[in-house]
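This is a guided reading of one protein model. Please look over the sequence and the structure before going on.

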Amino acid sequence: MLKIVTLVENTTLSSEYRCKHGLCLYIETEKHKILFDVGQDDLFIENAKKMQIDISEIDTVIISHGHKDHGGALKAFMSLNSEAKIYIRKAAFEPHYIKVLGLPFDVGLDEELLNNEQIVVTTDEMRIDEELFLFSNVTSDTYFSKSNKALYTKKQRRMVPDDFCHEQNLIITANGKRVLFSGCSHTGIVNIQNQAEKLILSEISTVVGGFHLYNPPTKKYESDEMIANITNALEKKKSDYYTCHCTGIKAYKKMKYKLGERLHYLSTGTEILL
C-alpha cells in the first residue's frame, strides 16, 4: 500500500483544514513515513494533527527544491523531529529570487540549515533503498514553463537566471508500482517523466505533483498551446496523474477535459491509496 495525504496545498477540501500557497505531502509506504516538501510555515503541523498524523514518526523528508513555499518550514519540522533524515540538493540553500515588476523578492531557504546534522546532501542520482530513488539534473527543455524566466539565483554575487540544478524528484517503488513525485516541475513534467522512465527502465504508474503552469505573482497561465502540448504528451503515456499547487485550477480543468479520469486534483485534506 502507498498512502498519500495532502497536508498543505493552495486549496482545501474542507474549511476544517487551512490552506496556503505551497506544498506538503505525507507519504506512507511499507517501510517509510515521508514528508515530500513541508510548505512555507508550520501549517503542515496544524493540519497533520487534525489528520492524526504524528510528525515525530516521520523518518524521511524530501525537499524538492530550494523555494520557501516547499522548504520554508524545515526549521519548524526540526523542532518536532530531530531523527528524520532530510534529503536535499546543496544548491537548494543558494539564494533564490522571483522578480515581480522587475523587483527581486527572496524566495530562498535558510542557508544556515545546510550544516544541520539531519541534512543529507543528494547527488544527481541517489538510491536511498529499494523503495526510494532520487534524481535531478533534468536537462531537456521541451515544454519549458515561460514563468521560469522570472526566477533567479546568485552565482559569484551576480543575479542570474535559475537553472534549477536544485530541483530533485522522487520515485517510490511499492506493490509493483512506480510512483513519481515532483514538487513544481520547473524543468518540465514531460521531461521529468521521460528521464525517470529512462533511469528505471520502466514505465511510471502514477505521477504526483505540480506542473508549473501558473505564476501566482502575475496571475498568468502558460499559453493554451503550451498546456495543450503538455496534455497531449501526457496522454500518450499510460500513467495516472495527481496534480496540485502550481498547475493552477484553470490549467487543470483544461487538462482534465482531455485526460479525464486519468487526472485528479490534490487539495489540502485529500487522501489517496495506490
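With which side chain does the side chain of arginine 18 make a polar contact? The model is a predicted one, and in it the partner is the side chain of glutamate 46, at 2.8 Å. Along the chain these two residues are 28 residues apart, while their C-alpha atoms are separated by 8.5 Å. Arginine 18 sits in the loop between β1 and β2. Setting aside residues up to four places away in sequence, arginine 18 touches Leu43, Glu46, Asn47 and Thr268. Its relative accessible area is 41%, and because values between 20% and 50% are classed as partly exposed, arginine 18 is partly exposed rather than buried.

The loop that holds arginine 18 joins two strands, β1 and β2, and both belong to an open sheet of seven strands. The order across this sheet is β8-β5-β4-β3-β2-β1-β20, and the pairing is mixed. At the edges lie β8 (119–121) and β20 (271–273), each of which pairs on one side only. From one strand to the next, the twist averages 20 degrees.

Within this sheet, β2 (residues 24–28) and β3 (residues 33–36) run antiparallel and are joined by four bridges. Tyrosine 26 has leucine 35, in β3, opposite it. Helix α1, which spans residues 43–50, packs on the sheet and touches β1 (3–8), β2 and β3. The direction of helix α1 makes about 130 degrees with that of β1.

Another part of the model is arranged around strand β15 (residues 206–209). How does β15 run relative to β14 and to β18? Strand β14 (residues 177–182) is parallel to β15, with four bridges between them. Strand β18 (residues 240–243) is also parallel to β15, again with four bridges. Glycine 209 takes part in both pairings: it is the bridge partner of serine 182, and it stands opposite threonine 243 in β18. The connection from β14 to β15 includes helix α4 (residues 189–200), and the three elements make a right-handed β-α-β unit.

Which residues of β15 lie on each side of the strand? In a regular strand, side chains alternate between the two faces of the sheet. In β15, Thr206 and Val208 are on one side, and Val207 and Gly209 are on the other. All four are buried, so both faces of β15 are covered, buried here being under 20% relative accessible area.

Definitions and conventions:
Residues numbered from 1 in each chain as written. Predicted model: local features only at pLDDT ≥ 70, side-chain atom pairs only at ≥ 80, totals over all residues. Heavy atoms only, no water. Pairing = 2+ DSSP bridges. Axes fitted to C-alpha atoms, helices over the stretch in contact; angles between N-to-C directions. Contact = heavy atoms within 4.5 Å. Buried < 20%, exposed > 50% of the residue type's maximum accessible area, 1.4 Å probe, protein only. Right-handed = clockwise from strand over helix to strand, strands pointing away. Polar contact = N/O pair within 3.5 Å; in protein donor to acceptor, adjacent residues only side chain to side chain.
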